[in-house]
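Q: Please take a close look at one part of the model shown below. I am new to it and should like a connected account of that part and of what surrounds it.

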Protein chains: 2
Amino acid sequence: MNTPLFLGIDGGGTKCRARLRDSAGNLLGEGAGGPSNLRLDPDLVWNSILTACREALGHAGLPESEVRTVHAGMGAAGAGQKSAVERLLSRPHPFASFAIATDAHTAWLGAFNGGDGAILILGTGSCGYGGAGGQCRYVGGWGFEISDEGSGAAMGRELLRRCVWAHDGRIPSTPLSGALLAEFDNDLEVLVDWIGNARPGDYARYAPLVLEYASRRDPLGIALVEDSAAGATRIAMRLLELGAPALCLFGGLAEPLRPWMPPPVQQAIVPPAADALDGAILLGRSAASRRQP
Amino acid sequence: MNTPLFLGIDGGGTKCRARLRDSAGNLLGEGAGGPSNLRLDPDLVWNSILTACREALGHAGLPESEVRTVHAGMGAAGAGQKSAVERLLSRPHPFASFAIATDAHTAWLGAFNGGDGAILILGTGSCGYGGAGGQCRYVGGWGFEISDEGSGAAMGRELLRRCVWAHDGRIPSTPLSGALLAEFDNDLEVLVDWIGNARPGDYARYAPLVLEYASRRDPLGIALVEDSAAGATRIAMRLLELGAPALCLFGGLAEPLRPWMPPPVQQAIVPPAADALDGAILLGRSAASRRQP
């Protein structure tokens, strides 16, 4: 009988990553596949997962048939939606076992090895998760429209709003508002046409511009980064209040926003023990050990 | 030769209203038709306009053939978009003359009879317009995503955002947050599903709930109404700064928000001289007089 293998999977909207370890924790191989946000078609998601898995097995010099000995754990965007998880699990899979959780949960598992602590993802969207004593909770993470404080999408959208104010004369113009409005020919009709088709990722692409101007002391840039950091801080404060002794930040805005947060919050920030892929391996291992005690 | 008739038309997303006066200003009749936001199909919009016109002529006891003597003026939602106006004007019309402007412009024409002053619409959306010396400008009015300060949609969306905070424990719960979350079974997944299909009008339907709880001194309700009034005030302040000596408020939130605005702004508020339909008649009359001097 083969010794078990452990596969961690990180599933997002643009790609799916996988990492294979043996039972001693040695790295055997890694692989990647296509989109695997659980809101997508389940056959597409399984195809992305199995592509990434086959690549990791190949990388490890193992035959595809070894998939039967693999205990897989997956952290996936969209896994907070029960119906999406049920849709995925309605399809057969070739693994010895398969466990799934949200990408926030596997990031937290990796960061704190399943112990007390909290994570705060500050990317295109934002989400807080964690706690103490085995009790984890979400803080934020409910989407662009009503729950994206500290995210790049929120920063970009608020930039556009304030630039409308500057265009109207409600607030003074700054070099940042001038640069942004020039991109739209100083014509709010052009801006409104753009808004009509904008997705959160489109708004988030303005976050680097805001950070750049803030670093040059542009008053609007500073106000926007302060607002983002304040929103992220409110999430962080609640996570710490829930008993998390430490906080790990993830996402493209984590490093830029960290120095803008209040020192008592900054002092709680620690580097993660491991990444979300190793968190997914931990998820798969503990699910397998519960199955075969 | 018949004496000219003057028709004012107010075109919105759900209906089209029309009012007929003779050249002495006597009221002859009124009528209504279907949707006539200019973003809709131009044949549908013309059908709505002509339905409202025929009803007004009938109400006045005049034959349909009299439409040829009618100088029409229309204020329409969507008329800020040049391409939408061109699409409408690409179709032939039966009037002696036809002039079109935004619904904000005809509301302003009616309110100040074309003189110095500004209007502020606080409805599902919000929009400021006006000025002095014949120079009118828009302040706000660029849509739900980035420019809806003081509107019902913005108030409703911010309510939902703060209720997520209350659910997370980021802010204290209040009777208002409790009542709102109970509507969604205290389950943010249910709320997020609702958000997925929500239009500005859906958010705006929560504005009365906010106002009701604010009147009972609910802390969250008071904070939300204060924020809305502050957003409306920033638009009003800019309009007054542009030289408007007085301000008329329109829309369902005008009366509820007025007492929350700073007294120096409240003191600038006056009742409108006439409504948007009479503003549209004025638009049609002045366009006709420019054609036939």
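A: In this predicted model, 100% of the interface residues of chain A are also interface residues in chain B, so the copies meet through the same surface. Superposition describes their relation: a turn of 180 degrees, with a shift of 0.0 Å along the axis, lays chain A on chain B with an RMSD of 0.1 Å. The two copies are therefore related as by a two-fold rotation axis. Among the residues of chain A, the one that comes closest to this axis is Glu145(A), whose C-alpha lies at 4.5 Å.

Both chains also contribute to a pocket, the second largest, with a volume of about 950 Å³. Two helices of each chain give two or more residues to its lining: helix H4 (152-168) and helix H9 (219-241) of chain A, and helix H4 (152-168) and helix H9 (219-241) of chain B. In total, 34 residues line this pocket. Those nearest its centre are Glu158(A) and Arg161(A) from one chain, with Glu158(B), Arg161(B) and Asp227(B) from the other. By kind, the lining of the second largest pocket divides into 18 charged, ten nonpolar and six polar residues.

One of the helices of this lining, H9 of chain B, leads to a sheet in that chain. This open sheet has four strands in the order S8-S7-S6-S9 (chain B), and its pairing is mixed. Strand S8 (135-139) and strand S9 (247-250) of chain B are the edge strands, each pairing on one side only. From one strand to the next, the twist averages 15 degrees. Strand S6 (residues 117-122) of chain B is joined to S9(B) by four bridges in the parallel sense, and within this pair Ile119(B) has Cys248(B) as its bridge partner. Helix H3 (residues 103-112) of chain B packs on the sheet and touches S6, strand S7 (126-132), S8 and S9 of chain B, its direction making about 125 degrees with that of S6(B). H9(B) likewise packs on the sheet and touches S6, S7, S8 and S9 of chain B, but its direction makes about 165 degrees with that of S6(B).

Chain A offers a further sheet to consider. Five strands form an open sheet there in the order S3-S2-S1-S4-S5 (chain A), with mixed pairing. Strand S3 (27-33) and strand S5 (97-102) of chain A stand at the edges with a single partner strand each, so one side of each has no neighbour in the sheet. On average, neighbouring strands here are turned by 15 degrees against each other, direction ignored. Strand S1 (residues 5-11) and strand S4 (residues 70-76) of chain A run parallel and are joined by seven bridges; Phe6(A) stands opposite His71(A) in S4(A). Across S1, strand S2 (16-22), S3, S4 and S5 of chain A lies helix H1 (residues 42-59) of chain A, which runs at about 145 degrees to S3(A).

Technical notes. Residues numbered from 1 in each chain as written. Chains lettered and ligands numbered in written order. Predicted model: local features only at pLDDT ≥ 70, side-chain atom pairs only at ≥ 80, totals over all residues. Heavy atoms only, no water. 1 Å grid on protein atoms, 1.4 Å probe; cavity = no way out; pocket = protein on both sides within 12 Å on 5 of 7 lines; lining within 4 Å. Points joined across faces, edges and corners; volume = space filled by probe spheres on them. Nonpolar A, V, L, I, M, F, W, Y, C, P; charged D, E, K, R; others polar. Pairing = 2+ DSSP bridges. Axes fitted to C-alpha atoms, helices over the stretch in contact; angles between N-to-C directions. Contact = heavy atoms within 4.5 Å. Least-squares fit on C-alpha atoms with pLDDT ≥ 70 in both.
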